[in-house]
Amino acid sequence: MTVPAGWRRAAVALLGAALAAAAGCRAGPPPPSPDVVAAIESDAVRYADFETYVQQALGESGTSLSSDVLSSLFDQYLEERLLAKLATDRGLLAADAAKGRFGRRHALDLLLADEARREDAEGLPSEQEVEDWYAAHRDEFRRPERVRLRQILVETRQQAESLRERILAGADFAAIAAAASADPDIAATVGFQGELYRGDLPPAFADLIFDLEPGEVSEVVEAEYGFHLFQVTERLSAETLPLEAVRDDVERRLLQDAADRRLAALAEQARQRYDVSVWGRNLPFNYRGVYGDQGG
């Protein structure tokens with residue numbers, strides 16, 4: 001049977017279209033240029049910008065970091081970019097103002113403030129919230145026994161023994177620490193070392209110091225770098241700080257907790273709203289982040 005010429009032309013056209021469609025499916029979208037490592041919607045993310053981010057965040061290039069650490073940093077960078085885009089799309093600031101590290105931080109601040117307004121959140125936490133948080137975290141405000149301590153450090157045992165005799169005879173420990181200490185930092189603070197827990201002290205000194213009564217001067221203590229004299233000026237008993245003493249700290253933590261929750265919700269909203277593509281073949285490390293790898 002002879003096939004009409006019109007049918008043959010139609011069949012050839014259909015076959016050509018099918019082959020072209022198949023070829024298009026195999027080819028996919030054209031690959032990005034080598035310096036592009038990701039895209040947020042149509043906005044290209046270039047590796048040089050991520051390098052700058054790492055340098056600013058860590059003070060180094062990041063070349064010595066593992067792939068897992070770099071992947072985490074890259075995810076943080078993409079999240080900052082996503083949040084900055086969300087801020088501009090909400091009309092909180094112009095796109096140009098959301099570029100760069102400080103621009104993105106400003107965008108984040110504006111987003112958090114906007115989210116608080118949307119929640120109609122009041123400024124400080126309520127008294128009940130403060131009391132509940134303090135009760136749940138009371139152990140964090142326990143303070144063990146402490147001492148307030150002075151010391152003198154000199155180079156020889158003979159000198160240390162001589163200074164100790166003078167102090168026992170009535171000389172002022174602080175004045176001698178300022179005049180005789182070999183360490184200029186000790187001299188500048190008249191020997192005062194601050195308020196110290198047992199764990200703040202070298203184990204070789206801790207028991208000796210915590211056995212001293214207020215005003216008592218230790219025996220000469222030898223160390224690798226000289227000879228010490230210690231004086232405890234005050235002993236402070238173990239205690240749990242009351243709410244009024246830590247109220248500002250509790251309020252700051254509650255405000256930070258609220259900001260962290262808002263930030264997590266905003267980041268999830270941005271991830272759902274915008275398409276993110278990562279081309280791992282253009283990254284100089286093995287990307288193992290949360291956004292997947294479009295480029296193999």
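## The four-stranded sheet

Strand 4 (residues 146-154) and strand 5 run antiparallel and are joined by five bridges. One pairing can be picked out by residue: Arg-146 has Tyr-197 of strand 5 as its bridge partner. The model is a predicted one.

These two strands belong to an open sheet of four strands. Its order is 5-4-7-6, and the pairing is antiparallel. Which strands stand at the edges? They are strand 5 (192-197) and strand 6 (221-223). Each has a single partner strand, so one side of each is left without a neighbour in the sheet. Ignoring direction, neighbouring strands are turned by 40° against each other on average.

## Helices on the four-stranded sheet

Two helices are described against this sheet. Helix 6 lies across strand 4, strand 6 and strand 7 (226-236). Helix 6 runs at about 35° to strand 7. Helix 7 also packs on the sheet, where it touches strand 4 and strand 7. The direction of helix 7 makes about 40° with that of strand 4.

The two helices also meet each other. The axes of helix 6 (residues 157-168) and helix 7 (residues 173-180) come within 10 Å and cross at roughly 150°. That angle makes helix 6 roughly antiparallel to helix 7, because angles over 145 degrees count as roughly antiparallel. The crossing of helix 6 and helix 7 is right-handed. Helix 6 contributes Gln-159, Leu-163, Arg-166 and Ile-167 to the contact. Helix 7 contributes Phe-173, Ile-176 and Ala-180. By class, the contact of helix 6 with helix 7 holds five nonpolar residues, one polar and one charged.

## The three-stranded sheet

A second topic is an open sheet of three strands. Its order is 2-1-9, again with antiparallel pairing. The edge strands are strand 2 (43-46) and strand 9 (276-278), and each pairs on one side only. From one strand to the next, the twist averages 20°.

How many bridges join strand 1 to strand 9? Three bridges link strand 1 (residues 36-40) to strand 9, and the two run antiparallel. In strand 9, Ser-277 is the bridge partner of Ala-39.

Helices cover this sheet too. Helix 2 (residues 47-58) lies across strand 1 and strand 2. Its run makes about 55° with strand 2. Helix 3 (residues 67-89) packs on the sheet and touches strand 1, strand 2 and strand 9. The direction of helix 3 makes about 35° with that of strand 1.

## Helix 3 against helix 4

Helix 3 also packs with helix 4 (residues 100-118), at an angle of about 60°. Their axes are 9 Å apart. The two helices are therefore oblique to each other. The crossing of helix 3 and helix 4 is left-handed.

On the helix 3 side, the contact is made by Tyr-77, Glu-80, Arg-81, Leu-83, Ala-84, Leu-86 and Ala-87. On the helix 4 side, the residues are Arg-104, Arg-105, Ala-107, Leu-108 and Leu-111. What classes of residue make up the contact of helix 3 with helix 4? There are eight nonpolar, no polar and four charged residues.

## Helix 5 against helix 10

Helix 5 (residues 127-136) and helix 10 (residues 243-273) pack with their axes 9 Å apart. The angle is about 100°. The pair is therefore roughly perpendicular, because 65 to 115 degrees counts as roughly perpendicular.

Helix 5 brings Glu-127, Glu-129, Val-130, Glu-131, Trp-133 and Tyr-134 to the contact. Helix 10 brings Leu-243, Val-246, Arg-247, Val-250, Glu-251, Arg-253, Leu-254 and Asp-257. The contact of helix 5 with helix 10 divides into seven nonpolar, no polar and seven charged residues.

## Salt bridges

The count comes to 28 salt bridges. One of them pairs Glu-239 with Arg-143, with the closest N and O atoms 3.7 Å apart. Glu-239 lies in strand 8 (residues 239-240) and Arg-143 in strand 3 (residues 142-143), so this pair ties together parts that are 96 residues apart in sequence.

Terms used: Residues numbered from 1 in each chain as written. Predicted model: local features only at pLDDT ≥ 70, side-chain atom pairs only at ≥ 80, totals over all residues. Heavy atoms only, no water. Pairing = 2+ DSSP bridges. Axes fitted to C-alpha atoms, helices over the stretch in contact; angles between N-to-C directions. Contact = heavy atoms within 4.5 Å. Parallel < 35°, antiparallel > 145°, perpendicular 65-115°, else oblique. Left-handed = near helix turned anticlockwise from the far one by under 90°. Nonpolar A, V, L, I, M, F, W, Y, C, P; charged D, E, K, R; others polar. Salt bridge = Lys/Arg side-chain N within 4 Å of Asp/Glu carboxyl O.
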